[in-house]
Structures are given as C-alpha cells and as structure tokens.
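Q: Could you walk me through this model, starting with one helix and then moving on to what surrounds it?

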Amino acid sequence: MLKVYGLFLVSGLAVGSLYALGGIGLVILRRSTGVLNFAYGAIAAVSAMMCWQVLQWGAPGPIAWGIAILVGVTLSVFYGRLLAPSLAWREPAVKAVATLGYTLILLGMVGVIWDDSPRKLVLPTDKEGVWILGVRVTVTRLIAFGSSIFVVFAMIQFLDRTRIGLNMRALADNRDHSALLGIPVIKVETMAWTISGALAGFTGLMFGDLVRLDPTVITFMVIPATAAAICGRLTSLPWTLIGGLSIGVLEAMLTLYKPLAPLRAMTPFIVAGCVILWMQAGQRLTFAAEE
Amino acid sequence: MKNLTKLLSVSALLAATYITTPAYAEDAPVCGMNSGQAATGDPIKVGGINGNAPPGDFSGGTDAAAAYFACVNANGGINGRPIEYIVENDQWNPELAGQVGTKLVKDEGVVALVGNGSVVSMAVNAKLYKDEGVMAMASACAISDCYENSNIVSTNQGPLPSGIGALKYAVEELGTEHAACIGFNIPNNGGWACDWMNKYMESKGKKGTSILMDPTAVDLNSVYLQALAEGVDTILLMLPSGPAIGLLKVAEEQGGRDQFKWVSPTPIYEPGVEKVIGDYWDGHLYVNIELAQFDSKGADNKNWVAVMNKYGKEGDRRDTFSQSGFISAKFFTDALLKLDAASIDRASVTKAIKGIVGAKSDLLCGAYYVGEADRHMPNHAGRMMVYKNGGFETVRDCYDIDTAYLDPIRAQEKALGITK
Amino acid sequence: MPLRFDIKNTFTLVLVLAVIVLFPLLLSSLWVKVVTSALIFSLAALGVSVVFAQLGLINLSQIALVGVGGWVLLRLNYATELPFTVMLVLGGIVTASIGALLALPALRMRGLYLALVTLMAAGAFQILFNAFQFPNGGEGFWGVAQQSAGVVRRPAFAQSDANYLRYVISAVAICITVVGLHRYAAPGRAWAMTRQSEANAMAAGVNVTFYKLWAFALSGCVAGIAGGLLAGALQQLDARSFLAGDSILLFALAIVGGVYHWLGAIIAGLLFKLLPALLNDFGLSADIAMVIFGAALLHAIMTAPQGIAGQLIGAISSIGKKGSATDD
C-alpha cells in the first residue's frame, strides 16, 4: 500500500509543480504591478502552440523552446506596456478582469491560426527518465519540478540582492511613494511583465508537453494556478510553491478514494478556499480598508 | 504587428498544407440525378447544425453534406429543385443551440436537418424536432440523446456501440478479463457509455471498471495510475482524441504499452492522428471504426473523396464525421428523389425519411433504416483497426456487437424485415 | 430618484408595458429566444452591479449562482406540482442563502481577495455541475436519468416563446424595481455608510455584518431567479452554460455596461448574449467573434469607467441641461 501512496505522491508532485509554476508567474507580476493576469494561461497557450509550429517547420528543439519563451515575453510586455497603463488607477479587480479581454483575443487568434487537429508536443527530455517509488519520472517532469523550486529561489535572491529587485519590492509595498522616491516605475514594471511572460512561455511549454497541447485547456489552467497563488496570499513565492505542490499531491491522492475520484479536479478550489478562511481566522475587525 | 500577422498567416498556411489528406486516384463524382444540369427551380430549405469551437470541431458532417448538396444542385437537384442548405454553428453553447435550432426549424422552415454534428444541440433541440415534426439525420453524435429520440437518427455510432465493438475484439482476440473504461465524468456521455461497457463485460463473465474524470482535469498521470491500481488488464479510451493522445503519452512515459491492452472507439481514428501517436504504439493500439476506412476502395467511399475534392471547401475536415455526413446527405437525397418535386414539404419529407428502410452503402457495415420508432441506431456494426507502420491496418472486417442496449433496436429491425 | 408616481415614473411604467406587449411581436422566433436569454442574464448582471456599486465588493461566482437557481427550479419541477412562479421564488430564496454563505468571507475582506474566493467557488461549482448535471426527470436526489429532458412547466399564460419573453420582461422589471427600492430604504443607507467607512457605520449603530450579507443575498436572489427563468426558457440546463470563466466575463460586462444604473445591467446582458448571437448570425466563425468580443471588452473597460450606461445617461442629461439653460 505504501508503494501506491508513493506512486501518487510522485505523480502529484509532478502536476503540482505545474500549478506552482503558473502561480509563481502570477504572483511575481501581481507583486510589482498590482495586476492579476488572467491572460497568463492564454499567453502560455500561444507560446506552446508557436513552439509546436516551429518544431513542425523543422527547427531544432532549443530554437523552438527559445521562441516559446520569446512569444510569452512579447505578449506579456505588449499588454503591460501598451494596454495596462490606461487602467493603472482602477480598482485591482477591474485590472484583473480587463485581462480577460486579452485572454479572449489571444484564444480567438489561436483558433483562427490553428485548426482543431490532434497535436502532440514532444521534448527530447521525454525519452529519458528515472524510476522514483515505482513511477517513471521523465526528465521533463524533473525539469518542471526543479525549475519551480529554482525560480522561487532565484527570484528571492533577485529581489534581495539587486537594485531592480529592491525597486520591485518598493513598488509592491507602495506604488505612489515609490514613484515619489524616483524609482523608475515603468522600467521596473516592464521587468516584471518580462519575467512573468517568460514564465508563462515556459509554463505553456511544460503544460503542452506534460498535460496536453490543447489551447483551451492551457488557457483555463490559469484558474487552478490562481488557487496556488492564493495559497501564497498573492505575495509569497515559497508559499505559492508549497500551495501548488500540495494541491497536486492532494489531487493525485484523491484518486485512491473512489467516491471522490471523479471530483478530484475540485481540489485547487477547495484548498484555496480553506487557505483564505484560515488566513483570516485571526482577524476580527471588519475594517477592511485595503484588499 | 503587421509582420507578426504575416508570419502567423504564413504559419497557418503551412499548417494547412501539412494536414491535407493524400489525394486518391479518383473518378468523377456521382450525385443525385447525375444529369450534369444545374437545378434552377424553387429551392428546398434544409438545415444543419454543427459545433465548432473549443472543445472540438464537429463540422465534418455538415461540410460533407454541403459538398454533396452542391454536387446534387449541379446535377439536376431534386427533380429540378435545388437544395438550399443552411448551416449554423452552435459553438457548443446550449443556449445558442436552442436559438439556431429555432431559427432553422421555425423561422427558416427547413424540411429536415441533415449532417448535424453538434452534441449540445441534440440534447437541447430533441423536443423541438419532435414537436415540429421535423427529422434530423445527424452524423456526428456522442451522447445518449442522439440515439434515444424519435426524430433524431444518427449515421455515426457514437461511443456506445463503437466502444463495445472495441471491447468485443479485446475479449475475443486479446484475452481481456478486466477492462477499465476511461471517460469524462458527464452523465449522458462518459457515464452512459461506461455503464454499458461494464454491463457488457459482466454479460461476458468478465469485469469492467469505470474511471471517470472531469473534462478539465489536468492530471492524466493519476488517471493512468488509477487504472494501474485497479489491476485491470485492458484500457478502453472512451475519450475525444485530444485527451486520449494525452493519456497515451503518459502511458508511454510510464512504459505502459505492455502492461495493458489498449483499445479505443472511433475518435482516435482521425486523419493526421497517425503522425501524432508515435512509433512506440506500433502494433499495440486497437481502434474500432464506425464507418469505412478513409482509403477504402468502396464505390461510396471513392465518391465521397471525389465529391469532397470537387465540391468541398478548403479546410473541410475529412474525418469519420465527414463520411457520415456524406452518406446521410446521400440517403436523404435518394429519399427525396422518390417524391413529387412539387409536393415537397416538411410533412412529406419526414414521411419519406421515416420510410427509408434497408438503404445500403459500402461506408456502413449494415443496412441503414429509419422507420417509425422512439429511438434510432441504425449503425452498430464496425471494423477493427490496429495502429501499424505509421497508419491503421484492418484486423477484423465488419462485425456486429451483442449488448442488451440494442434489444429495442433489434426488435425494430425485425419488424422492418431487415433481420429475421 | 425616490419612487413616486410622478410623470417620469409613470412614463417608465407605460414604456415597460408597451415593451411587454409590442416587443415580442416584432421579433422572429430566433430573436425572441436571444432577447429572452439576454434579459435573463441582465438580471444576473444586476446582482453583480448591486454589490459592486453599493459596497465595492466583487462577485465572480454569479454564473455559478445562476446555475444553482436553475438547478433548484428543475429539481422542484420534477419533484412537485408547484406553479412556475412559486418555484422561481423558491429558487431565488435558496440561491440567496447560498450567496450569503459565499459572502461570509467577505465580512473580513474585500477587493481582489474576495473576488478570488468567489472565483474559487465558481470553479468548484463548474466541476459539480459537470459531474451531476441538472435534473431531467430522473430518480433520486440528483434527478438525472439517461434520457432526454422532460417537460419544464411554464406559467399557463406564458407557454409560447413570445409570451414567455413577456413573462421574463415583467420579472426583470419587478426585480429591477425591488433592487432599486433598496437604495432608498434602510439597506441602501447602511450600504452607503459602510462604503464610506465601516468604522463610522458601526459607530452609528449600523449592523454592518447583516447588511453586507443582505447585499449578497439580494444578489444571489436575482441570480437564482435568473437561473429559474433560464431553465424555463430552455426547458433544461447543461453544465456547459455555467463555466467559471463566464462568471469573470459577466462581471467584466457589468462594469462595461455600468454598475451605477439599472440600464447598465440590461446592457451587460445584451452584450453577454445578444452580441455573440449577432456575430454568429453574421456568419463569423466562433474564433473571430471571440477576438472581436475580447477587443471590445478591453476597449470598453479602458475608455468608459462609468460604463456605457453612465455615458448614455451623461449624454442625455447634458442635452437636458442645455435645454433647461435656454429656458432660464
């Protein structure tokens, strides 16, 4: 029986790292710019499809992956520089729902460009793998897992050690004061859109390879990824990582309990709901001035 | 931005050329009266509803019907009257399905619907069709509602017969004792089909287990591991091709090819899919198909190719649904040609469609019929293919299935004199 | 604009009656159905607008609540012999309590966090609806059988689609009035004070908790009624109508329509259901329609913070002002 648990633990960590990657990209952007980007999934979807397309044209793998990330950055910065500024003074929720418009544009364009045919995104790392607790884990899955940890670690170092990281933290704390202090807001924000876009491209690549190359599925993975971000209160990267991984593991483990197995996909929402309730369990006052 | 658009359109073009199906040596298309004269009379309005939006493009049926009707119109029409074929897309949206159904049936006053390829609209509009006395000769269906209504008759089999067909082969040829039916957790789709799979397995003294998942589920790995934990020896992929391929990929990762026998109903038999599955599965993936092989040398199949080449539009899908839409349109045209052109209205067309009994085609294994009944499922015998050498090869030609689900259908066939 | 029987209100009443009688006559069967849908979702948008305009609280689960209301109506339809309007009201009440339940977290948070709680609820409901579907006349609690849907009763005088549209217009008009009256009664004053400062409202003796829950219950109630009306219109419901993404979309459209006036909710409903139907009827592919829709949404959110209704009313009142200026 222990072996079976091990099986689902390893499988769950693999999926959890995908949720975590999505959540991390959302949190990085949200901290520095105040935008919760629902178009994150759509950007990931376009990136994955472009990668597939470039591979179809016969380009070598590394170029295709590079293009996926480049597409992610381009689409993210395009929104961040051209569209987001006109919403800068609106409520955070309005900023968030506006990205839904961008989502629809991107998803519609994907539908116009690529017809609905079966596709598969294959990375060379799919062929190699190691056996862990009775599950074969491909190198791609190890990369997804490793990079989610690496990104959290690297971002923390980046925010702590670099000038632009410091600026990002300042912007996250108070936007108006930062501007007064002469922090180059636009430059810092563009940086955040770039990092988040690159992560979206990478997440799309991983989703397309490990889950399936279906633009709609990748687009709407943003909702469970938001659940992971909620576990990190939309600010903490390590907690987002932990949230994403635990959602993945719990979801996989539920497979073993037959009555709930078909409803496993609810796990992200239940976990996020519990985290929010727990987060505010200590608060008593209703004076909720800021969100 | 302009360059990007240019780049994207070039890529779209390349993608399109990449998936075009090979052209077969062909004869001229044969349609309707085959007179070579364009029909000029008063048009007969015929409708069709497809679902083309995420999660899938089910427009093959209406595309093929449109091509066939264009060919009929160029060849004398229905005794001189052309068919005006009005196609609507319900975008997999139940409300839109109800709206376009009403538009066709009430506002446009179509005499019948042909080639329908919408899952959603079948459930939503079944009652409308019945109330308005209009028949729907569907061709791309995947839910119980398509097969359990008086005014809907679908030419494709849907997941139930095709899935049981696949299981029958697995039990008889592959030695299956315990099969897992992996499907979507939707009552009238995965739930319906997998329930009947399990009943079938029980009736053979074997075991069946349903593994249902939410359509948005991300974690296919756990679905695979669940099958492993259940201790099954066969996996039936009761899924659309996208998730089915995703699951095959996970199984490949886990080295699962030899741990299970792999069988699937029709969805995975789709042009282009053979390039996606991969060599790993060579000789290990068995697929039941509902209509003839795409490269079949049968007269109707060759005619399907010829009609699509001449009258189809660029980007028309040439899948099972397309074959199914083609043959539905042909049976419909043949039935109408027997009517007096002046007397064609909804009532006479409905009667003519219900009067179709024992129509034959090499695209179908059995005879096609409609008749007066509260449910219809004329097509339930299929063929079995195996994935081999980057394509599909036939391993068993036409065979019928045995399931209690077909009891009322068998009774109809007996009453109509199709079987004894 | 307190509700008195002055000329303006009488005019509105006459206008509504005229619409009820005449409007369905002008439409073909297709557009009767489309307008019915659009108005039903206007009602849902009205609920979203109320909590956002009055309390600044964001509800991203409204479409899921519409589904709940629809589920209750279908369940009652097959289990009881109650008349349609009674079932509709009961559906509203049940959904109101679920809406209030969702609002419990709202007592201590607002803004994005609250929005996300409701979004998580919408995500969970989407999966529940998929798994259990909507009652169609089967046995047991879930009432789902492998069969085509049975008959959903409609009010005796609203059997045809055109009369059903009249029924929907009336229901929407009544709900708009009831919601509008709130602004001039105790809840409206309590909401206004709470929005200004919760501390001051509490100090003034306003039961902030109660009135916040009340707002969400009201919003849920209209969502529930909308769900019931939708079930009656389609004669059945499908899980595909209640996606989490659509809840976000409805909120966005409520903003675009304008949350400070009931007209905004009507516009939101029309954008949500009429615009896609129009684009589809023009023969645009679903993908291109999605691009146009997304671009329009983005553009409207960026350029019209008061919403389209705000702009319309602003334009009308400025014309009115010009007119009265010449009178002086």
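**A bent helix and its neighbours**

A: Helix 4 of chain B bends by about 55 degrees at B:Asn125, where the bend is the angle between axes fitted to the seven residues ending there and the seven starting there. Helices (H or I, at least four residues) and strands (E, at least two) are DSSP runs numbered from the N terminus. This is a predicted model, in which local features need pLDDT of at least 70 and side-chain atom pairs count only at pLDDT 80 or more, while totals for chains, interfaces and linings use all residues. Residues are numbered from 1 along each chain as its sequence is written, and chains are lettered from A and ligands numbered from 1 in the order in which they are written.

Q: OK, and what comes right after helix 4 of chain B?
A: B:Gly133 follows helix 4 of chain B, and the phi of B:Gly133 is positive, near 65 degrees.

Q: Which residues of that helix are buried?
A: Among them are B:Val119, B:Met122, B:Asn125 and B:Tyr129, buried meaning that 20 or more other C-beta atoms, placed from the backbone, lie within 10 Å of a residue's own.

Q: What do they pack against?
A: The partners of these buried residues include strand 1 (44-50) and helix 3 (94-107) of chain B, together with helix 9 (208-234) of chain C.

Q: Switching topic, how many residues of chain B are in contact with chain C?
A: In chain B 31 residues are in contact with 24 residues of chain C, contact meaning C-beta atoms, placed from the backbone, within 7 Å.

Q: Which element gives the largest share of that side of chain B?
A: Helix 3 of chain B does, with nine residues.

Conventions: Buried ≥ 20, exposed ≤ 12 C-beta atoms within 10 Å, placed from the backbone. Contact = placed C-beta atoms within 7 Å.
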